[in-house]
Structures are given as C-alpha cells and as structure tokens.
Amino acid sequence: MSNESSRPKRMTSRGLKPAGTRRQFLGGTLAAVAGALVTGCGKEGMEEFLQHNFRELSKDELNQVIARLEKEAERTYGKKIRIGNEPPMQGVIYGYALDLSRCIGCRRCVHACVKENNPSRDPQIQWIRVLQMEKEKGVDLEAADAYYNPEEVPQEGHFYMPVQCQQCKNPPCVKVCPVGATWKEPDGITVIDYNWCIGCRYCMAACPYGARHFNWGEPTLPTEDVNPETHYLGNRPRPKGVVEKCTFCIQRTRKGLYPACVEICPTGSRKFGNLADPKSEIRYILENKRVFVFKGELNTQPKFFYFYGV
Amino acid sequence: MSLPPFRSLPLLLAGLVAMGSVLAAAPPPSPVVDPQDIQVPKPPFTEGIFPCTSCHDPKTMPANTKRRPLEGMHADIELRHGPESRWCLDCHDAGNRDRLHLVGGEKIEFTASYLLCGQCHGDKLRDWRVGVHGKRTGMWNGPKLYLLCVSCHNPHSPRFKPLKPMPPPVPPDQIRARRTRP
C-alpha cells in the first residue's frame, strides 16, 4: 500500500465533519493565545498543540512534525534520534507464532524488547509478559505467575506463555478510542499516534490481553539506553500520559527485519512472517501444526498464534 | 498388416520396461533444499580445535579405529547421545577428520552437520528446513541465517541446557510514578 493510500485523506475531503476547519480557526489569533497559555511555552509547544492526527498529515506536514519531534528528542535525551515513517508494504499482513512446547520462560524476549523499543525504565514498562503456568492446569490465568524467579528455567511441571499485543484483526482497543488515536494499519499492526492520544485509557480497559501500558509518570530512559532508530508509530520516545504497546517492532519489520524478540529467543520459539505469502514459515505453521489463539472466544481474531511444535 | 499377438507382446513388454525406467529415473519431489539457500553460521567449535587435521594428520597420527574410552585429549567430552555403543567415529570420519560422515559413508562438511542429525531426527530436520524447528535470524522477507542443530544442541550431549531467567517485572505495588524528569 502506498504511503498516500494507507492514510485517509483529510476528513474535509471525505465530506465528514470539517475538523480541519475547526483547527484552522484555532490556528488564528485565538490559538496563539490559547496555545501559549495551555502549553506554557513558545512556538514548538504551540505547533504540538495544533498538530493533526498522523493520518491527516500531508507529506510536508509530517516531515515538519518529525523534524520537530527529532529536535525535541535530541534535547531531552542528549542523542540524535531518527524518527522514521516507513509505510506498510503492499501485500503484507504480519503474523506471529509462538511455540509453547519450546519456550522455557527465560525472559530474554522481554528485555530485548525493552532495549529495542525505548519504554520507560522507571516507572517500568514492559510490552511482553511471560506467564508461568502449570502443565496440569493448562492455560489457566488464575494459576499463572508473571513474577517467577528461580535459579533455572524451565521449572519442572510448568510451561511458559509470553503475552504481548496480539495484533487483533478485530481490535477492541481501536473500537473504544474516543479520539481515533489508535488504529489498525493495512499490514495489520495496531498503532498509536502518541501525539493524538489523550490518555483516557479506555483502550487498556478494552484489551483482554493486558497488552497496553500507560505512562503514569514522566518516562525515564538513560541516554546510553536510547535506541536511536525509531518509527513515528512505534518506538519513538513517548511523553507522560499516553498509552503504548507492542507494534511487532514496526521500525524493524517494515524494513524486512525480524522483530527483536524473534532475534533474541534462544530456543527459536518465536516465528514471524507474512500471512499473505503461502510459502512463509508462518503459513506452514498454521497449516501443519496444532495452533490456537488466546481467548479466541472473544472474537478478537488475533494475528498472534500459539502452537505446539512437537 | 498387423503383427500376431505373440510377436507384439515382447514389444509391449519392452515398452513397459522402458516406461518404468523413465518413471524411476524421474526424480521424486526432493525435500532437499539447495545448499545455496541455507546460510549457516560457523559451527560452534572449541577455540582453536579446527581444523582437526592439524593434529589428526593421517601421516603422523594414523586413525585408531578401536572403540575405547578416550584418555588425554578429548577426555572432557562426555558422550550422552543415543545408545551406549555409540562413539566418535560413528559421526567423525576416520579418513578425514575435517569431515563428518553419513551412515552410508558419504563425507560432509561440518557446516552441513544437519544432514547427519537428520538421519535419526528426520522429523526435526523436516521442520528445520521449513523454519519451524530451530532459529532463523535476518530478514523475514530476505536472506536469513539458519542456526545449525549444534548451535543449540551440543552434539555430544544434546539436551537443551536450562537457563537463568532474566529479572522479573517490578510488582505493581513497587512502581511509583514520577512527576518530573529526574
């Protein structure tokens, strides 16, 4: 899908409520006063206040926004940061499969994800949660423990189920967002415009997987830990008061790379690929292995599958 | 003029035989992936041990093919893989120590050791070839690196070793939101 067609044109051009007009009105003298009052700072703060939703930005506007955000990020983190906006690839729908018979619960994925995606270190935010469950009980969330910490894993009689954003085909989080700050891209990744999110956390309440996380405090991210390769809709540094979540490492996968959690997994339990390509690994798994989706009864239709490889 | 049946029969038989040989000669759909397509990392040799022929030179050190417990060199290797009777030269080639050999005697490079493993673990080899068993890194839509069986499973003692888990998440009651940047 091309950059242009992936984003709906400005709402005005679709004959809907002319949101552009409201904003343009604000852009006048009133806005100058209101912007300065609300943000308490100068030109940049006002630009941020007046910024449109990512999907409504023209190419030029987006470049300006990105330039401003890169400057801000460099000032905050003392490091040059690239904020990309690679569009979805045509004919690609991302899918993920995780082999429950192989995962040993070592949490390498959790920490590789943190390293890649620039979440706050304190207060701590992690996009992947590994649940230790009892083999006798099967997938039973009441008997799941995310805080296990033995000397060695796997522990006798237990299996491990990492949970992250399931990239639902029918995402309840998108449905409830009152402002359209989160949506599903044509390649199947549900993304968030952190500059449009108002922090109401309806999406967190709607997500049955606990996959969304809120920046309750000002995020801390030491300069040496910042990953400077980012995407606007993915791992760029987030402000306080917005929701964030796994994006299948959008900054990597849209360039053809595997997500960071796939690259790190020492057991090779994590599989990733294009659901639309009949020759992909992911399709082989769906067609030949015993596969299930988590909480399938909710009809969220995840594109994250769990399977038993042996 | 048509041939009498007894004269056409040998022709028919010959035709059938010819057809059969053509069928037999046509290669069955081969599961073997072109080795060019499989990029594997360097096998995980002990530092400085390869090439093996730097010690196992057939001129200075003729192969001793007698099954015996090893003393001195390689005594650290504890073989815990398959039946008791298994030993070094079942896989390592006595004639050329820089190669392994398949059960049929065919010599293979260490980088193709998956063929050797697949002789017994055929189901795993099948899954490895399609990217289900084992690990691939690189590009989901381009060149990949396939880890060898021996990258994760020590061939002398193949069970996957337990790992120390990385730190658990901070429990919610210990998370404090900060008002400002420190």
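This briefing walks through a predicted model with chains A and B, starting with the overall picture and then turning to details. Chain A has 310 residues, of which 42% count as buried, and its secondary structure comprises 11 helices and 12 strands. The domain assignment splits chain A into domain 1 (3–82) and domain 2 (83–310). Chain B meets chain A through 31 of its residues, which are in contact with 41 residues of chain A.

**How confident is the model?**

- Chain A averages a pLDDT of 90, and 87% of the residues score at least 70.
- One stretch calls for care: pLDDT stays under 50 over residues 1–18 of chain A.
- For residues 1–18 of chain A the model has 26 contacts beyond four places in sequence.

**The fold of chain A at a glance**

- Consider the contacts in chain A between residues at least 6 apart in sequence: 64% of them join residues at least 24 apart.
- The two domains of chain A touch each other, and this contact takes 18 residues from domain 1 and 21 residues from domain 2.
- On the domain 1 side, α1 (3–6) and α5 (59–77) of chain A each supply at least two of the residues that touch domain 2.
- Of these, α5(A) gives the most to that side, with seven residues.
- By class, the side of domain 1 of chain A that touches domain 2 has seven nonpolar, six polar and five charged residues.

**A four-stranded sheet in chain A**

- Here is a good place to pause in the 3D view: an open sheet of four strands runs in the order β10-β2-β12-β11 (chain A), with mixed pairing.
- Which strands stand at the edges? They are β10 (270–274) and β11 (290–292) of chain A, each with a single partner strand, so one side of each is left without a neighbour in the sheet.
- From one strand to the next, the twist averages 30°.
- β2(A) and β10(A) pair in the antiparallel sense over five bridges, and one of the bridge partners is A:Phe272 in β10(A), matched with A:Tyr96.
- β2(A) and β12(A) run parallel and are joined by four bridges.
- A:Tyr96 appears again here, since its bridge partner in β12(A) is A:Phe304.
- β11(A) pairs with β12 (residues 304–308) of chain A in the antiparallel sense, over three bridges.
- Two residues of this last pairing can be followed by name: A:Arg290 has A:Tyr308 as its bridge partner in β12(A), while A:Val291 has A:Phe307.
- In a regular strand the side chains alternate between the two faces of the sheet.

**What surrounds the sheet**

- Is β10(A) mostly covered or mostly uncovered? The strand is mostly covered, as five of its five residues are buried.
- Four of the five residues of β12(A) are buried, so this strand is largely enclosed by the rest of the structure.
- Helix α11 (residues 281–288) of chain A lies across β2 (94–99), β10, β11 and β12 of chain A.
- The direction of α11(A) is at about 110° to β10(A).

**Where chain B meets chain A**

- The side of chain B that touches chain A is made up of 16 nonpolar, eight polar and seven charged residues.

**Backbone details worth a look**

- Most residues other than glycine have a negative phi, and most peptide bonds are trans.
- In chain A, a cis peptide bond with omega of about 0° joins A:Asp122 and A:Pro123, and A:Pro123 is in the loop between α6 (108–117) and β3 (129–134) of chain A.
- In chain B, a cis peptide bond joins B:Phe50 and B:Pro51, again with omega of about 0°.
- B:Pro51 is found in the loop between α1 (5–25) and β1 (100–101) of chain B.
- A:Arg201 is not a glycine, yet its phi is positive, near 65°.
- Look for A:Arg201 in the loop between β6 (190–192) and α8 (202–206) of chain A, where this residue is partly exposed, with 17 other C-beta atoms within 10 Å.
- A:Phe248, also not a glycine, has a positive phi of about 55°.
- The loop between β9 (243–244) and α9 (250–253) of chain A holds A:Phe248.
- Why does A:Phe248 count as buried? There are 26 C-beta neighbours inside 10 Å of A:Phe248, and the cut-off for a buried residue is 20 or more.

How values were computed. Residues numbered from 1 in each chain as written. Chains lettered and ligands numbered in written order. Predicted model: local features only at pLDDT ≥ 70, side-chain atom pairs only at ≥ 80, totals over all residues. Buried ≥ 20, exposed ≤ 12 C-beta atoms within 10 Å, placed from the backbone. Contact = placed C-beta atoms within 7 Å. Pairing = 2+ DSSP bridges. Axes fitted to C-alpha atoms, helices over the stretch in contact; angles between N-to-C directions. Nonpolar A, V, L, I, M, F, W, Y, C, P; charged D, E, K, R; others polar. Domains from an automatic or database assignment. pLDDT = per-residue confidence, 0-100.
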